[in-house]
Amino acid sequence: LFGYLVFIVMTGSQWNLMAGALSVSILTLPLMVSVTENALKDLPPEYTLGSLGLGASKWQTIWNVLLPACLPRIMTGLILAAGRGFGEAAALMFTAGMSTDIDWGNWDMSSTTCPLNPFRPGETLALHVWVMRTEALSPDAAKIAGVTSAILMLVVVLFNVLARYISWRLEKKMEGTADD
């Protein structure tokens with residue numbers, strides 16, 4: 001409701017993808033901040049002391065030593081936050097809308113039917129599942145909801161695998177063992 005109030009009512013706009021993205025970002029921000037903070041707190045103090053002892057500034061220590069050492073835990077937090085965002089339906093129902101009218105032949109960015117317009121209404125897979133299970137009039141709505149759920153699970157699994165691969169590559173690169 002906060003996202004609806006701030007991004008829709010106070011701006012005087014209609015449901016749009018940007019308002020939905022900002023709302024979900026606000027929902028996932030506390031999780032990312034707490035995961036990153038815990039990861040930094042759990043590092044041994046020798047990391048900081050060693051870097052500062054070698055003449056690095058505080059910002060160089062944070063950027064070049066502490067954050068790379070925390071990267072695996074931060075990536076885990078990112079995956080958890082993304083999973084929460086993928087499954088979010090309520091915040092998006094009030095901010096992004098519940099239907100999409102896309103014209104794939106229309107590339108006018110100011111049009112509400114342009115697929116690339118971030119200020120057009122839209123719905124997510126999670127919201128589509130909810131609509132199909134609660135409000136659909138089609139006799140095969142349950143089957144459509146099942147297929148949509150399977151697609152959503154596939155997208156989440158693919159995102160997790162891709163995020164883990166990127167994390168692994170970054171870790172190898174920081175260790176100096178990446179095959180380039």
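These legends walk through several close-up views of a predicted model.

**View 1. Thr-95, tucked away in helix α5.**
Let's start with Thr-95, a residue of helix α5, which covers residues 90–95. Is Thr-95 buried or exposed? Thr-95 is buried, because its relative accessible area is 1% and anything under 20% counts as buried. Look for its side chain, which reaches the backbone oxygen of Ala-91 at 2.7 Å. Thr-95 also has plenty to touch from elsewhere in the sequence: leaving out residues up to four places away, the list is Gly-3, Tyr-4, Ile-8, Trp-15, Asn-16, Ala-19, Gly-20 and Ser-23.

**View 2. Ala-21, a partly exposed spot on helix α2.**
Ala-21 sits in helix α2, which runs over residues 17–41. With a relative accessibility of 40%, Ala-21 is called partly exposed, because that label goes to values between the buried limit of 20% and the exposed limit of 50%. Now find Gly-3, which is 18 residues from Ala-21 along the chain. Their C-alpha atoms are 9.6 Å apart.

**View 3. The largest nonpolar core.**
Which residues make up the largest nonpolar core? There are 7 of them: Met-32, Ala-39, Leu-43, Leu-66, Cys-70, Ile-74 and Ala-81. Helices α2 and α4 each chip in at least two residues, and the largest share, 4 residues, belongs to α4. Zoom in on one member, Leu-66, and you'll see it touching Leu-40, Leu-43, Tyr-47, Thr-48 and Thr-61, once residues up to four places away in sequence are set aside.

**View 4. The largest pocket and what lines it.**
Here's how you can picture the search for a space like this: rolling a probe the size of a water molecule over the atoms shows where empty space is left. The largest pocket in this model has a volume of about 260 Å³. It is lined by 14 residues, and those closest to its centre are Val-24, Ala-81, Ala-82, Gly-85 and Phe-86. Helices α2, α4, α6 and α7 each give two or more residues to the lining. Which element gives the most? That's α4, with 5 residues. You may recognise Ala-81, since it is also listed in the largest nonpolar core.

**View 5. Helix α7 and its buried residues.**
Helix α7 takes in residues 141–175, so count 35 residues as you trace this run. From its first C-alpha to its last, α7 reaches 51 Å, close to the 51 Å expected at 1.5 Å a residue. Its buried residues are Ala-141, Ala-145, Thr-148, Leu-152, Ala-163 and Ser-167. What covers them includes α4 (58–87) and α6 (125–134).

**View 6. Ser-167, one of the buried residues of α7.**
Stay on helix α7 and pick out Ser-167. Why does Ser-167 count as buried? Its relative accessibility is 2%, and the cut-off for buried is under 20%. Ignoring neighbours within four places in sequence, Ser-167 is in contact with Pro-72 and Met-75.

**View 7. Thr-134 in helix α6.**
Last up is Thr-134, found in helix α6. Thr-134 counts as partly exposed because its relative accessibility is 49%, and exposed would need over 50%. Its side chain reaches the backbone oxygen of Trp-130 at 2.7 Å. Zoom out to include Asn-64, which is 70 residues away along the chain. The C-alpha atoms of Thr-134 and Asn-64 are separated by 50 Å.

Methods
Residues are numbered from 1 along each chain as its sequence is written. This is a predicted model: local features need pLDDT of at least 70, side-chain atom pairs count only at pLDDT 80 or more; totals for chains, interfaces and linings use all residues. Side-chain values use heavy atoms; hydrogens and water are left out. Buried means under 20% relative accessible area, exposed over 50%, partly exposed in between (1.4 Å probe, protein chains only). A polar contact is a pair of N or O atoms within 3.5 Å; within protein, one must be able to donate a hydrogen and the other to accept it, and residues adjacent in sequence count only if both atoms are side-chain atoms. Contact means heavy atoms within 4.5 Å. The expected span of a helix is 1.5 Å times one less than its number of residues. A nonpolar core is a set of buried Ala, Val, Leu, Ile, Met, Phe, Trp, Tyr and Cys residues joined through side-chain atoms within 4.5 Å. On a 1 Å grid over the protein atoms alone, a cavity is a set of points where a 1.4 Å probe fits but cannot get out, and a pocket is an open set with protein on both sides within 12 Å along at least five of seven lines; lining residues have an atom within 4 Å of a point. Grid points are joined across faces, edges and corners, and a volume is the space filled by probe spheres set on the points.
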